[in-house]
Amino acid sequence: MLGANSNLCLNSYLAATATETHQARDKCRVRTRATIRIEMEIGGLDSNGREFKSADEMWREEVGDSQKKLDWYRNGVGYWQGVDASVDGVLGGYAHVNEPDIKASEAFLNTLLTELVPNGGRNQHLVALDCGSGIGRVTKNLLIRYFNEVDLLEPVSHFLEAARENLAPENLSVSEEHKAFNFYCTPLQEFTPDAQRYDVIWVQWCIGHLADDDFVSFFKRAKAGLKPGGFFVLKENLAKSDKSITRSDVYFKELFTQCGLNIYKLKDQKGFPDELFAVRMYALTTETLKKVGGSRPKRKANRPAIIK
Ligand code: SAH
């Protein structure tokens with residue numbers, strides 16, 4: 001869900017965009033995209049001149065009854081069903097951002113493991129969940145090297161099958177102690193993790209598919225899937241895929257509060273092409289997080305806190 005930043009700048013105020021593709025109606029396979037830009041209080045216009053007074057109004061319009069919601073999610077998944085099961089496919093034609101993406105994610109993850117997991121996670125059996133995993137790009141290039149078990153969750157079956165293949169032991173260069181474990185063909189809004197299974201739940205470039213209410217209820221359910229001291233990484237931005245929205249930083253923070261999550265740390269992605277939206281990584285911890293001792297005392301600046 002990597003998209004070019006064509007005409008919107010969303011990070012400076014409370015805003016969300018919704019993009020819509022009328023694939024089913026479009027027999028010529030030419031995609032039409034209606035971009036809706038809204039501000040929570042002030043409202044906004046979509047690219048067809050249609051007015052929304054608030055985010056609530058946009059959501060009511062898009063997912064306000066069960067049929068609309070069904071269509072929203074069906075269109076979201078429907079878009080990806082037509083996409084190649086390749087790195088270029090899941091990155092919207094930007095395969096070359098794979099490398100800087102993984103590099104920045106690895107640096108972020110390393111810092112978090114050092115600060116939050118006893119002994120930096122060494123000599124422990126670590127388990128991660130890769131949400132909206134696509135073809136397993138993040139797991140293969142990053143998570144599998146740090147975690148003993150990685151579960152993948154992906155609603156598009158041809159992506160998940162490709163992930164299964166990409167992560168088969170013979171296609172990995174890690175020891176037998178590291179494996180892709182469960183492959184769940186389920187969307188986030190329908191998933192409830194096993195209690196306290198995960199050290200880290202990684203959510204990258206897929207949360208834009210979830211309506212606000214499902215966003216909040218997913219994170220609330222998923223909190224119970226974290227081990228004590230476990231955390232989420234949400235890496236997101238931008239998005240210009242279909243039936244998805246791009247939230248601003250302020251908008252995300254409002255939702256994190258509703259989820260009862262603290263921002264422990266955040267970092268911006270560097271080195272992406274200019275035409276892309278900004279990408280931000282958030283490390284999120286639960287309110288009940290117990291700080292681990294670690295081998296050295298933590299500085300105050302490292303303590304979890306709500307960043308307003
Ligand atoms: N996170 C992967 C894939 C990004 S592409 C990566 O960074 O490489 C976006 C992914 O979100 C696609 O695989 C798409 O199928 C998935 N997706 C779409 N709707 C979703 C939903 N409701 N829940 C979870 N994943 C979803």
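Where does the ligand sit? In this predicted model, the ligand is found in the largest pocket. Twenty residues are placed around the ligand, and of these 20 residues the ones that come nearest are Gly132, Arg137, Glu154, Leu188 and Gln204. When the residues of this shell are sorted by character, 12 are nonpolar, six are polar and two are charged.

Several polar atoms of the protein lie opposite nitrogen or oxygen atoms of the ligand, and three such distances can be described here. For Gly132, a backbone N or O atom lies 2.8 Å from a nitrogen atom of the ligand, and for Gln204, a polar backbone atom is likewise placed 2.8 Å from a nitrogen atom of the ligand. In the case of Glu154, a polar atom of the side chain lies 2.6 Å from an oxygen atom of the ligand. Taken on its own, the ligand has 570 Å² of accessible area, of which the protein covers 99%.

Aromatic rings also pair within the structure, which holds 13 aromatic pairs. One of them is formed by Trp205 and Phe272, a tilted pair with 6.2 Å from centre to centre and 35 degrees between the planes. This pair links distant parts of the chain, since its two members are 67 residues apart. Trp205 belongs to the loop between β8 (198–204) and α7 (212–223), whereas Phe272 belongs to the loop between β11 (261–268) and β12 (279–286).

Conventions:
Residues are numbered from 1 along each chain as its sequence is written. This is a predicted model: local features need pLDDT of at least 70, side-chain atom pairs count only at pLDDT 80 or more; totals for chains, interfaces and linings use all residues. Side-chain values use heavy atoms; hydrogens and water are left out. A residue is near a molecule or strand if one of its heavy atoms lies within 4 Å of it. A polar contact is a pair of N or O atoms within 3.5 Å; within protein, one must be able to donate a hydrogen and the other to accept it, and residues adjacent in sequence count only if both atoms are side-chain atoms. Accessible areas come from the Shrake-Rupley method with a 1.4 Å probe; for residues, only the protein chains shown count as cover. On a 1 Å grid over the protein atoms alone, a cavity is a set of points where a 1.4 Å probe fits but cannot get out, and a pocket is an open set with protein on both sides within 12 Å along at least five of seven lines; lining residues have an atom within 4 Å of a point. A molecule sits in a cavity or pocket if more than half of its atoms lie within 2 Å of its grid points. Ala, Val, Leu, Ile, Met, Phe, Trp, Tyr, Cys and Pro count as nonpolar, Asp, Glu, Lys and Arg as charged, and the others, Gly among them, as polar. Rings of Phe, Tyr and Trp (its six-membered ring) pair if their centres lie within 6.5 Å; planes under 30 degrees apart count as stacked, over 60 as edge-to-face and the rest as tilted. Helices (H or I, at least four residues) and strands (E, at least two) are DSSP runs, numbered from the N terminus.
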